[in-house]
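The following exercises concern helix packing, backbone conformation and aromatic pairing. Each task is followed by a solution in steps.

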Amino acid sequence: MVEKVYVTYNEVHKLCQASADRILNEFKPNLMIAIGGGGYVPARILRSFIKRPSAPNIPIQAIGLSLYEQLPSTKPSDPVEQPGTKVTRTQWLDLSSLEMANLIGKNILIVDEVDDTRTTLEYAVRELQKDVESAAQKLGSREATRFSVFVLHNKDKPKKGHLPQDMMDEERYLAARTVSDVWICYPWEATDIDEHDKLASSQAQY
């Protein structure tokens, strides 16, 4: 049976807060790209902690990627999912020259909730880098775009996907917490938040 860990909004908030100083001072993002749907809430919370005084809010753009597939369950109200084998785009950035020009030369922070097999993150970084480089070539720009990654949880397991070596060498990857290979239930997935929080409070500290 798959072990489930229930994470509350309060815990997500604190994980973002604990990671903010490093993100602000080392990654220095001026744009965030949230991977939907799990990256939306962390990105918005994080933005409150990495806003510099008198500076504008850091823009958040969104992409949608799907890798997980639902497994048969004896309880329809308690579905279990597992990583699939193919990343599917459900939403992507506008590839017009104007939209992509806004990414060129930026420090871009990619935000997701969990690094499971790393397949989704590999796809996101690779495809975004490729699109930005293509736009830069069309516009004749030589400005470097720098990508970083932030996730709430990294699962301590062998990864199928890989991030660029320079990103890892320069420590532009940050997981707020590393956990064992459990199924993490996030609050935005809950249909009954009171029950979710009750289960979270009754579990052992993960």
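A residue counts as buried under 20% relative accessible area, as exposed over 50%, and as partly exposed in between. The model treated here is predicted.

**Exercise 1. Backbone conformation and accessibility**

Determine whether Ser 54 and Arg 118 are buried or exposed, and describe the backbone at each.

Solution.
1. Ser 54 lies in the loop between α2 and β3 (60–71). Its phi is near 65°, a positive value in a residue other than glycine.
2. The relative accessible area of Ser 54 is 82%. The cut-off for exposed is over 50%, so Ser 54 is exposed.
3. Arg 118 is located in the loop between β5 (107–115) and α4 (119–139). Phi of Arg 118 is also positive, near 75°.
4. With a relative accessible area of 14%, Arg 118 is buried.
5. A further backbone feature is the cis peptide bond from Gly 36 to Gly 37, with omega near 0°. Gly 37 belongs to the loop between β2 (31–36) and α2.

**Exercise 2. Packing of two helices**

Classify the mutual orientation of α1 and α2, and describe the character of their contact.

Solution.
1. The axes of α1 (residues 9–27) and α2 (residues 40–49) come within 9 Å and cross at roughly 50°.
2. Angles from 65 to 115 degrees count as roughly perpendicular and those under 35 degrees as roughly parallel; α1 and α2 are therefore oblique to each other.
3. The handedness of the crossing is right-handed.
4. From α1, the contact involves Tyr 9, Val 12, His 13, Cys 16, Gln 17, Ala 20 and Ile 23; from α2, it involves Val 41, Pro 42, Ile 45, Leu 46 and Phe 49.
5. Of these contact residues, 10 are nonpolar, 2 are polar and none is charged.

**Exercise 3. An aromatic cluster**

Which residues form one aromatic cluster, and how are the rings arranged in the pairs Tyr 9 with Trp 188 and Tyr 186 with Trp 188?

Solution.
1. The whole structure contains 3 aromatic pairs.
2. In one of them, the ring centres of Tyr 9 and Trp 188 are 6.3 Å apart and the planes stand at 50°, so this pair is tilted.
3. The pair links distant parts of the chain, 179 residues apart: Tyr 9 is in helix α1, and Trp 188 is in the loop between β8 (183–185) and α6 (193–202).
4. Tyr 186 and Trp 188 form a stacked pair, with 5.0 Å centre to centre and 5° between the planes.
5. The cluster thus consists of Tyr 9, Tyr 186 and Trp 188.
6. Tyr 9 is partly exposed at 39% relative accessible area, Trp 188 is partly exposed at 21%, and Tyr 186 is buried at 1%.

Technical notes:
Residues are numbered from 1 along each chain as its sequence is written. This is a predicted model: local features need pLDDT of at least 70, side-chain atom pairs count only at pLDDT 80 or more; totals for chains, interfaces and linings use all residues. Side-chain values use heavy atoms; hydrogens and water are left out. Axes are lines fitted to C-alpha atoms, for helices over the stretch in contact, and angles run from 0 to 180 degrees between N-to-C directions. Helices (H or I, at least four residues) and strands (E, at least two) are DSSP runs, numbered from the N terminus. Angles under 35 degrees count as roughly parallel, over 145 as roughly antiparallel, 65 to 115 as roughly perpendicular and the rest as oblique. A crossing is left-handed if the near helix is turned anticlockwise from the far one by less than a right angle, and right-handed if clockwise. Contact means heavy atoms within 4.5 Å. Ala, Val, Leu, Ile, Met, Phe, Trp, Tyr, Cys and Pro count as nonpolar, Asp, Glu, Lys and Arg as charged, and the others, Gly among them, as polar. Buried means under 20% relative accessible area, exposed over 50%, partly exposed in between (1.4 Å probe, protein chains only). Rings of Phe, Tyr and Trp (its six-membered ring) pair if their centres lie within 6.5 Å; planes under 30 degrees apart count as stacked, over 60 as edge-to-face and the rest as tilted.
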